[in-house]
Amino acid sequence: MLELAPSILSADFAHLADQIAAAERGGGTIIHVDVMDGHFVPNITIGPPVVRSIRKVTKLPLDCHLMIENPNDYVQAFADAGADWVSVHYEACPHLHRSLEMISRAGMKPGVVINPHTRVDLLAEVLPIVHHVLIMSVNPGFGGQEFIPFSLGKIRRLANMRQEMGLTFKIEVDGGVAHDTVAQVVQAGAELLVAGNAVFGGGDPERDARALLGTARKSAQVAV
Ligand code: DX5
Ligand code: ZN
């Protein structure tokens, strides 16, 4: 099923509860939370205290995308704050299998993320234990960047691997997903669409979430 995960990175942080409620009314069903540490990526954002606050204002799953070094050290803090899904970067985890198991054991859904330069084939061994795979379609760190076209081939390859391996993990795409790119992303096989700027950048998250999801659903029908 196609779902929209509004990324609060581009929201107005002074009115976060209202912004989340608006994106939810517009059809968002997962709240994507970008956690950056200024080391793994050249930007700093938010952490468990903000997750704890958001937890009180929405029932939607909180999808925490950890763009941080040493993510294992923070898994329990995110669980305690009320995170539902936690994804870690392949590039930040020398013991990726262990990190994913830690997330599961803490009661959350584990996801793995790959940067644009990382091949999907490298994930084969961990695919059976993940709930979702997040394909970065920009270099992580900032909202509002341009979609990298070769990501489409990676989505297709991952969808093929999933079918060949008989697995059911979800394919999520993050970065530059907007009106002009969403059709291709959906047709390549993505089902969880992260969007920051396209939802929160235009001043009306409800309208813009609804419009983006509408375009995504139409493209899915064309693809079938
Ligand atoms: C970027 C983040 C994204 C970001 C996407 O590093 O992981 O989730 O919010 O923003 P847009 O949709 O504006 O490209
Ligand atoms: Zn993200």
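Isoleucine 135 sits across from valine 173 of strand E7 in this predicted model, where strands (E, at least two residues) and helices (H or I, at least four) are DSSP runs numbered from the N terminus. The strand pair in question is E6 (residues 132-136) with E7, joined in the parallel sense over 5 bridges; two strands are taken to pair if DSSP finds at least two bridges between them. As general background, strands of a sheet pair through backbone hydrogen bonds, either parallel or antiparallel.

The sheet as a whole is open and has 8 strands, ordered E1-E8-E7-E6-E5-E4-E3-E2 with parallel pairing. Strands E1 (3-6) and E2 (31-36) stand at its edges with a single partner strand each, so one side of each has no neighbour in the sheet. On average, neighbouring strands are turned by 25° against each other, direction ignored; for such angles, axes are lines fitted to C-alpha atoms, for helices over the stretch in contact, and values run from 0 to 180 degrees between N-to-C directions. At the E1 edge, 4 bridges join E1 to E8, and the two run parallel. Here alanine 5 stands opposite valine 194 in E8. Glu3 and Ala5 point one way from E1, Leu4 and Pro6 point the other way, and all are buried, buried being under 20% relative accessible area, exposed over 50% and partly exposed in between (1.4 Å probe, protein chains only).

A few conventions help in reading these values. Residues are numbered from 1 along each chain as its sequence is written, while chains are lettered from A and ligands numbered from 1 in the order in which they are written. Because the model is predicted, local features need pLDDT of at least 70 and side-chain atom pairs count only at pLDDT 80 or more, whereas totals for chains, interfaces and linings use all residues; side-chain values use heavy atoms, with hydrogens and water left out.

Attention now turns to the metal site. The zinc ion (ligand 2) has as its protein donors His32 (NE2), Asp34 (OD), His65 (ND1) and Asp174 (OD), which lie 2.0 to 2.3 Å from it. Donors here are N, O and S atoms within 2.8 Å of the metal (3.2 Å for Na, K and Ca); water is not among the atoms, so sites may look incomplete. Along the chain, the donors follow the spacing H-x1-D-x30-H-x108-D. Distant parts of the chain are linked in this way, with histidine 65 in strand E3 (residues 62-67) and aspartate 174 in strand E7 (residues 170-174), 109 residues apart. Histidine 65 is buried, at a relative accessible area of 0%, and aspartate 174 is buried as well, at 8%. The 6 donor atoms around the zinc ion subtend angles of 70 to 167°, which makes the arrangement octahedral. By the rule used, six donors are octahedral if opposite donors are over 155 degrees apart and all others between 65 and 115; four are square planar by those limits, or tetrahedral if all angles lie between 85 and 135 degrees, and anything else is irregular.

Charged side chains come next. A salt bridge is a side-chain nitrogen of Lys or Arg within 4 Å of a carboxyl oxygen of Asp or Glu, and the count comes to 6. One of them joins arginine 162 and glutamate 191 at 2.5 Å, N to O. Arginine 162 lies in helix H5 (residues 151-165) and glutamate 191 in the loop between helix H6 (182-188) and strand E8 (192-195), so the pair ties together parts 29 residues apart in sequence. Both of these residues are buried. Another bridge, between arginine 119 and aspartate 121, spans 3.3 Å from N to O; arginine 119 is exposed at 52% relative accessibility, while aspartate 121 is partly exposed at 36%. Glutamate 206 and arginine 210 also meet, at 3.0 Å from N to O, and belong with Arg25 to a network of salt bridges. Being 4 residues apart in helix H8 (residues 205-223), glutamate 206 and arginine 210 are separated by about one helical turn.

Arg25 leads to helix H1 (residues 16-25), in which Leu16, Gln19, Ile20, Ala22 and Ala23 are buried. Seen down the axis of H1, its buried residues fall within an arc of 160°, so they line one face of the helix; the arc is that of the directions from the helix axis to the C-beta atoms. Asp18 and Arg25 are exposed on the other side of H1.
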